[in-house]
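Please examine the structure shown below with attention to its pockets. The report that follows describes their volumes and the residues that line them.

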Amino acid sequence: MKDIGIDLGTTNVLIYIKDEGIVLNEPSVIAIDTETKEVLAVGEEANKMLGRTPNRVRAIKPIKDGVVADFESANKMLEEFIKKVKKRGSFKKSKVLICCPANVTQVEKNAMYELAENIGTKKVYIEDEAKVAALGTGLEIDKANGSMIIDIGGGTTDIAILSLGSIVDSNSIKIAGNTFDKAIIDYIKSKYDLLIGEKTAEEIKLKLGAIKDIDKNNSMEIKGRSISEGMPKTIIITEEEIKEALMPEVNKIKDEIKKVLENTQPELSSDIVDKGIIITGGGALIKGIAEYIEDNIKIPIYIAENPLTCVAEGCGIILNNPKYLDNNC
């Protein structure tokens, strides 16, 4: 019996197996033959197909904004991922812990339950992603003082204040990594009359994404299709331009953080000022984002040591400490 934790992210799926650690970390993408319904690829292999498939093949991202958007595709994708790690042992008597953003509806939560049950596990637990991420960063959330975390994932940004092992106040907004990609697509479309795909936008974000300490010499060549002419076109885009594209979305996250802090009890606020705030998720890796938020809210911001894997590592901590499951599920 091997208990497992699943970070079913909008961008990546991570699977943690108790006593083994993270055994899978792949893009949340599945490629399906629309005529035969056959699964052609999942994960990294399917991700390479995005924007490059023939008519009968669909490369799908079945998780949107942190929840299941296409149940059938998500079910098939998770089944294929489980097959990749199944050789490590049967999960029939296992517990599975799956994470979801705050503010999900009961229908969305039920879809996650059903997904987890379909892989044949004994018991399913659902936990708030922010709480699990906080544990994964090493925060001692079970003490009688306030801790705060900002998890900027692929589909949502989760903002939470925790004390005595539970979330005291939180919010989840659908502004995150995918929103940044769309902002880049829209910016280039508007300024350069150029249409680019999601993959290209993500590559631009990874290379040029910055909010502070802009390197004016950092640029890259990108290719797309001219909207007016319908022909291939190449342009040079700079880090400074990407800052301009991203700033409105980053400001929305900053404003939401302020709202959560404004609703916080004074004693917890004092703890947070003393301890600072931890930022995790892929969005934490955008150059200068932590410093920009810190400058605006006047509270120290620290980037987690492993921001991309905090949720999966938090799953491991919960699976190895049953008190968290007993108290919260």
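## Two pockets and their linings

The second largest pocket has a volume of about 350 Å³ in this predicted model. Its lining consists of 16 residues, and those closest to the centre of the pocket are K61, K64, N178, K182 and E198. Two elements, β7 (63-64) and α5, each give two or more residues to this lining. The largest share comes from α5, which contributes six residues. Sorted by class, the lining of the second largest pocket holds three nonpolar, five polar and eight charged residues.

The largest pocket has a volume of about 870 Å³. It is lined by 41 residues, of which T11, N12, G154, G282 and L308 are the closest to its centre. Several elements supply at least two residues each to this lining: the strands β1 (4-8), β2 (12-17), β3 (21-27) and β11 (147-152), together with the helices α5 (177-192) and α6 (198-208). Of these, α6 gives the most, with six residues.

Which classes of residue make up the lining of the largest pocket? There are 13 nonpolar, 17 polar and 11 charged residues in it.

The table sets out the class counts for each lining.

| Pocket | Nonpolar | Polar | Charged |
|---|---|---|---|
| Largest pocket | 13 residues | 17 residues | 11 residues |
| Second largest pocket | three residues | five residues | eight residues |

The helix α5 appears in both descriptions: it supplies at least two residues to the lining of the largest pocket, and it provides six residues to the lining of the second largest pocket.

Conventions
Residues are numbered from 1 along each chain as its sequence is written. This is a predicted model: local features need pLDDT of at least 70, side-chain atom pairs count only at pLDDT 80 or more; totals for chains, interfaces and linings use all residues. Side-chain values use heavy atoms; hydrogens and water are left out. On a 1 Å grid over the protein atoms alone, a cavity is a set of points where a 1.4 Å probe fits but cannot get out, and a pocket is an open set with protein on both sides within 12 Å along at least five of seven lines; lining residues have an atom within 4 Å of a point. Grid points are joined across faces, edges and corners, and a volume is the space filled by probe spheres set on the points. Helices (H or I, at least four residues) and strands (E, at least two) are DSSP runs, numbered from the N terminus. Ala, Val, Leu, Ile, Met, Phe, Trp, Tyr, Cys and Pro count as nonpolar, Asp, Glu, Lys and Arg as charged, and the others, Gly among them, as polar.
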